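Visitor: Could you take me through this structure and show me how its features are to be read?
Guide: Gladly; let us look at it together.

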Amino acid sequence: MLTRIMRHDWRLLAAERTLWAVSLLLALTIGYGVLNGASWVAFQERTLRAALAEEQERLTGIKTGIADADAGRTSPPSWLDPRSSYAVGYRLGTRYATMPPAPLAPLAIGQSDLLPYYFKVTMSSRQSFLSADEIENPVHLLAGRFDLAFVILYLYPLVILALGYNLIAAEKEDGTLAMTLSQPVSLGTLALGKIGTRFLFVLALAAGLSLAGALLAGADLAAPGALVRLGLWMLVVAAYGAFWFALAVLVNAFGGSSATNAVTLAGVWLGLVLLVPSLVNVAAKAVHPVPSRVDMIQSMRVASQEVTARRATVMARYLEDHPELAGADGKAQNEFGVRAVATQQELDRRMEPVQEHFNEQIERQQALVDGYRFLSPAIVAQSALYDLAGTSAFRYRHFVGQVTEYHQAWQRHFQPLTLRNARFTPGGVDGLPRFAFREEPLEAVVRRAATGLAGLLVPTLLIGLWAAQRLRRYPVVG
Amino acid sequence: MFFTIARKELLDMTRDGRFRWSAAITLGLLLGALALGWQHYREISQQHAAAQKATRQQWLAQGSKNPHSAAHYGVYAFKPKQPLSLVDRGVDPYVGVATWLEAHKQNDFTYRPAQDATAVQRLGELTGATVLQLLVPLLIVLLTFNAFAAEREQGTLRQLLSLGVRRSDLAAGKALGVAVALGLLLVPATAVGVAALALAAENGSFAASLPRMAWMGVFYLLYFAAFVGISLAVSARARSSRVALVTLLGFWILNGLVMPKVASDLAKAAHPTPSAFEFARRMELALKNGVDGHDPQSKRAEELKQRLLRQYKVDRIELLPVNFSGLSLQEGEEYGNLVFDRHYGQLWDTFRRQERVHELAALVAPVLAVRSLSMGLAGTDFPQHAHFARAAEDYRRMIQRTMNNDIAYNPGSRSEDKAFVYMRSNDLWETVPDFRYTAPGTSWVLSNHVISLALLAGWTLLAAAAAWMATRNLRVD
C-alpha cells in the first residue's frame with residue numbers, strides 16, 4: 001500500500017513544474033557551493049606549498065651560508081650568521097607548522113577562513129607567532145561564504161518546505177482527500193507515503209549532488225577516515241531533512257489551508273534558522289562573556305617590561321641554577337647565550353599562565369555555547385557539518401595543541417645549543433625538529449557527530465509523534 | 001481620498017493579529033539589539049580607552065634605556081569605537097582590536113573578536129542593522145504582499161474601482177497605510193536609538209554623531225520605501241496572492257541571504273588579494289634590499305656613510321658631528337616606510353576595489369547599498385578602519401623619527417662606540433605626544449559611498465515607478 005501511494009504520488013509530483021524548478025535551483029546552488037569550497041581549499045594548499053618551498057630554500061641557504069661564511073666570502077652580522085645556533089633557531093631556520101585541509105574541506109568552508117592554518121615557529125615566545133591571520137576583506141568574513149554547508153543549512157530546508165507545505169492541504173482543497181480516505185487507507189499511511197516520496201527524492205538529490213560535488217572538487221576519499229566522515233555527512237543531511245519534513249507534516253496535520261501552512265512554515269524557518277541562532281549568540285555573549293584580549297595584551301606587555309628591566313637579576317639567578325655555565329670569575333662564559341636563554345625562559349614563565357588562563361576561559365565559554373546548540377536544528381547541523389568537513393574550531397584547537405608541543409621541542413632543541421654557543425653545522429639542518437600534523441582520532445569526530453545526529457533525530461521523532469497523533473483527528477471534510 | 005484609504009488600510013493592519021505579533025516581535029528584537037549594542041559599545045570603548053592610557057603610561061615609565069630600545073618596545077594602538085556602532089557593528093568583529101607600533105615593522109591589527117567566538121556567530125548576529133536590513137523588509141513583505149492580490153481575490157477591488165476611486169489614490173493610500181503601520185514600529189525604536197546614542201556618547205561626540213544618525217535614518221527609510229514599492233508592484237501584477245508572496249519571499253531571500261555572499265565571490269574573482277604569506281614575502285624581499293639600520297655593512301648603509309663623510313668633509317665616522325647610527329637607523333626607517341606604503345597601499349586599494357564591486361552588486365540587491373552606507377555612517381566599515389590604521393602608522397613613524405633624531409643629533413651621543421649604550425629617560429619619552437585620533441566627518445564617509453547612495457536612490461525611484469505603473473494597469477480580476 002505504501003509503495004503504491006509513493007509511486008502514484010511520484011507520478012503527480014514529477015508532472016508538476018515546481019519539482020523540477022526547485023531541483024534545478026538546488027542542483028545549481030550545490031554546484032556553485034562546492035566550487036567555492038574547492039577554490040578555497042586550493043588556495044590554502046597553494047599557500048602551504050609556497051610556505052614549505054620557502055622553508056626548504058631557506059634551510060638550503062643555511063648550508064651554503066655556512067660554507068660562504070667559513071670561506072670568508074661573506075661576513076654576516078651575528079644575528080644573521082648561519083653558524084650561530086641562536087640566529088638559526090630564532091630567525092634563519094624557523095620552520096612552518098602547517099595544518100593541511102581535511103579531506104572533506106571543500107564541502108564546508110566553516111571557520112577556516114577566520115582561523116589560521118599555519119604558523120612560523122621560532123625560539124621566541126609562543127605569542128610572537130600565534131597571530132597569523134590570513135588576508136581577507138573583513139566584509140567577506142562578515143557576509144560569510146556561499147559553500148555547500150550554506151546551501152544545506154539555509155536553502156535545502158526551503159526546498160523541503162516548498163515541496164511539503166501543502167502535502168495534505170492540497171488534497172483537501174482539491175477535494176480528493178475525502179475520496180482517497182474512503183478507501184481502506186489511513187491518513188497516517190497516506191501522509192507517510194507522500195512524505196516518503198519527497199524525502200527520498202530530496203535526499204537523493206542533496207546527498208547525490210554532495211557526493212558528486214565532493215568528487216569533482218577533488219576530495220581525497222582515500223584518506224583515512226574520509227569515507228566515515230562522508231557517510232556521517234550524508235546522515236546529518238538526511239537527519240536535517242527529516243526534521244524539516246516532519247515539521248511540514250505537523251503543520252499540515254493542524255488542518256490549515258495551504259496558504260496558512262506556507263506562512264507558518266516560513267515563520268518557523270525564519271525562527272529556527274535566523275532568529276534562534278542570533279539569540280543564542282546574544283545569550284552566549286551575555287552569560288559567558290569572552291575574556292578581553294586587550295587585558296591579555298596589557299598583562300603580557302607588563303611581563304615583558306619587567307623581565308627586560310630585571311635582566312641582570314634574571315641572568316644572575318639563572319647562573320645560580322646552572323653553575324656549570326659560569327666561568328671562574330662567576331660570570332657566564334657565554335654571556336650572550338645565557339642572557340638570551342635566561343630571559344626567554346623567564347618571559348615564557350610569566351606569559352604562559354596569562355595565555356593559559358585566557359585559553360581556558362575561552363574553551364569553557366565555547367563548550368557552554370556548544371551546549372546551547374540543541375535549541376535549533378540549524379545550529380546542530382552547522383556544528384556537525386563543519387566538524388565533519390574539518391573546518392571547525394575543534395580541529396583548529398587540536399592543531400594549536402600540537403603547535404605548542406612543537407614549539408617546546410624547538411626551544412628544547414635550541415636552548416642548549418645557544419647556552420653552549422655551539423656552532424651550527426650543515427648537518428644540524430637535517431637534525432632540525434620537523435612538524436607533522438596528526439589528525440584527531442576518528443572516534444572523537446564520530447562521537448561529536450553522533451551527538452549532533454541525536455540532536456537532530458530526537459526533535460524529529462518528537463515532532464513526528466505529535467504529527468501522527470494530530471493526524472488521527474484531522475478534519476478530512478470541513 | 002487617499003487619506004481615507006490609508007486610514008482604512010492602517011485600521012485593517014492594526015486589527016490583524018498577525019501584524020500585531022510580527023510587529024511586536026520585530027520591535028522587541030530591535031530594542032533588544034539596540035540595548036545590547038549600547039552595552040557592548042560602552043564596555044569595549046571603556047576597555048580600549050583604558051588600555052590606550054595604560055600603554056601611554058608604560059611608554060612614559062620605561063625608565064632609562066637607549067632610545068632605540070624604547071622604539072622597539074613601542075606602544076600599542078587600540079581601535080576606538082564610534083557611538084553609532086551600537087546600531088551597526090559592521091566589520092568590527094572581523095578586524096583586529098590592537099596593533100603594535102614598534103620599530104622597523106608596520107604590523108597588522110591582531111586579535112579579531114570573531115576568532116574567540118563560536119561558529120554560531122557566523123549564522124548571524126543580532127544587531128540593529130540586521131533587524132533593519134533583514135527583518136523589517138520581511139515585515140513589509142508580509143504587510144503588503146496581498147495589498148492588491150487579496151482585494152482582487154475577494155472581489156472588493158472591482159467594487160472600489162467601480163466607485164471611481166483613482167488608481168493612483170489607491171496605490172498612494174496603501175503605501176501610506178503601510179508607512180504609518182511601520183512608523184508605529186520605527187518611531188519608538190528611533191527614539192530609543194537616539195536615547196541610547198546620547199547615553200553612549202561622551203564629551204561632545206553626541207553632537208558629532210547626530211548628523212550621522214540622521215543620514216542613517218534617511219537611508220534606511222529609502223530602503224524601506226523601495227521595499228514597499230516593490231511589494232505593491234508585485235502584488236498588483238501577480239496572478240494570485242500566493243504567487244505574490246512566493247515572489248516577494250524569493251526576492252527577500254535573494255536580497256538578504258544570497259546576494260551578499262555572491263557579491264563577495266564576484267569581488268574576490270575580480271580583484272583577488274594575495275595570501276598573507278605572499279604579502280609578507282614580497283615585503284621581506286623588498287626590505288632586504290634596503291638599509292638595515294642594525295647592520296652597518298649593508299650596501300645602502302655604506303652609501304649613506306659615504307654621503308655623510310662627503311657632506312661633513314671628514315674621513316672617519318667617529319669625526320662626524322652627528323651620530324651615524326641614528327642617521328642610518330632613520331634611513332632604514334624611511335626606506336621601510338616606502339616599502340610599507342607601497343605594499344599596504346596596494347592591498348588597501350584592492351580592498352577598495354572589492355568594495356566597489358559590492359556596491360555595484362546593489363543593482364541586484366538593494367540591501368548591499370544600505371549595508372555599506374549603514375556601516376560607513378556607524379564608523380564600522382573598512383575605509384574607516386584603514387583611516388585609523390593610517391593614523392596609528394603615522395604616529396609610529398613620528399615615534400621612530402623622534403627617537404632616531406635624538407640619537408643622531410643629541411650632543412650626548414656623539415661618538416660611534418657609545419651609540420647603543422647611550423641612555424635617555426622620561427624627558428625624551430615625554431616629548432612624544434599622546435596619540436590622539438579624530439574620526440573622519442560625515443562628508444568623508446558619504447564621499448566614499450557615492451555609488452551606494454546613487455543606487456539606493458535609484459532603487460527607491462524605480463520601486464515607486466514600478467508600483468505606479470503596476471497600479472495604472474491594474475487587472476480587476
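Guide: What follows is a reading of a predicted model, taken feature by feature.

Visitor: Let me begin with the sheet: what is the order of the three strands in the open sheet of chain B?
Guide: The order is β1-β2-β3 in chain B, and the pairing is antiparallel. The edge strands are β1 (75-78) and β3, each of which pairs on one side only. Four bridges join β1(B) to β2(B), and in that pairing Phe78(B) stands opposite Ala98(B). Between β2(B) and β3(B) there are two bridges, again in the antiparallel sense, with Gln106(B) of β3(B) as the bridge partner of Leu101(B).

Visitor: How should I read the two faces of β1(B), and which residues lie on each side?
Guide: In a regular strand the side chains alternate between the two faces of the sheet. In β1(B), Val75(B) and Ala77(B) lie on one side while Tyr76(B) and Phe78(B) lie on the other, and all of these residues are buried, so both faces of the strand are covered.

Visitor: Turning to the backbone, which sign does the phi of His104(B) have?
Guide: Most residues other than glycine have a negative phi, and most peptide bonds are trans. His104(B) has a positive phi of about 70 degrees although it is not a glycine, and its place is the loop between β2 (98-102) and β3 (105-106) of chain B. Its relative accessible area is 26%, so His104(B) counts as partly exposed. Tyr111(B), also not a glycine, has a positive phi of about 65 degrees and lies in the loop between β3 and α4 (128-144) of chain B.

Visitor: Is Tyr111(B) buried or exposed?
Guide: Tyr111(B) has a relative accessible area of 15%, and therefore it is buried, the cut-off for that class being under 20%.

Visitor: How much area do chain B and chain A bury between them?
Guide: The size of an interface is often given as the accessible area lost when the parts come together. Here chain B and chain A bury about 6800 Å² between them, 61% of it on carbon and sulfur atoms. On the side of chain B, Tyr111(B), Arg122(B) and Leu123(B) lose the most area to chain A, together 12% of what that side buries. Counted by residues, the contact takes 76 from chain B and 75 from chain A.

Visitor: How many cavities of 30 Å³ or more does the structure hold?
Guide: Rolling a probe the size of a water molecule over the atoms shows where empty space is left. In this structure there are six cavities of 30 Å³ or more, and the largest has a volume of about 690 Å³. The largest cavity is lined by 32 residues, of which Leu142(A), Gly124(B), Glu125(B), Thr130(B) and Leu134(B) lie nearest its centre. Elements that give two or more residues to this lining include α4 (138-143) of chain A and α9 (241-270) of chain B, but the largest share, six residues, comes from α4(B). By class, the lining has 18 nonpolar, eight polar and six charged residues.

Visitor: Which residues lie nearest the centre of the second largest cavity?
Guide: They are Asp370(A), Ser383(A), Phe394(A), Thr118(B) and Ala119(B), from a lining of 16 residues around a space of about 170 Å³. At least two lining residues each are supplied by α13 (335-371), α14 (377-389) and α15 (393-420) of chain A, and α14(A) gives the most, with four residues. The lining divides into seven nonpolar, six polar and three charged residues.

Visitor: Finally, what does Leu230(A) touch, not counting residues up to four places away in sequence?
Guide: Leu230(A), which belongs to helix α9 (residues 226-253) of chain A, touches Leu104(A), Leu107(A), Leu211(A) and Leu221(A) under that condition. The C-alpha atoms of Leu230(A) and Pro103(A) are separated by 9.4 Å, although these residues are 127 residues apart along the chain. With a relative accessible area of 7%, Leu230(A) is buried.

Visitor: And where does Met423(B) lie?
Guide: Met423(B) lies in the loop between α14 (382-409) and α15 (426-429) of chain B, and at 47% relative accessibility it counts as partly exposed. Leaving aside neighbours within four places in sequence, Met423(B) is in contact with Ser64(B), Lys65(B) and Asn66(B).

Note on methods: Residues numbered from 1 in each chain as written. Chains lettered and ligands numbered in written order. Predicted model: local features only at pLDDT ≥ 70, side-chain atom pairs only at ≥ 80, totals over all residues. Heavy atoms only, no water. Buried < 20%, exposed > 50% of the residue type's maximum accessible area, 1.4 Å probe, protein only. Pairing = 2+ DSSP bridges. 1 Å grid on protein atoms, 1.4 Å probe; cavity = no way out; pocket = protein on both sides within 12 Å on 5 of 7 lines; lining within 4 Å. Points joined across faces, edges and corners; volume = space filled by probe spheres on them. Nonpolar A, V, L, I, M, F, W, Y, C, P; charged D, E, K, R; others polar. Contact = heavy atoms within 4.5 Å. Buried area = accessible area lost by both parts, 1.4 Å probe.
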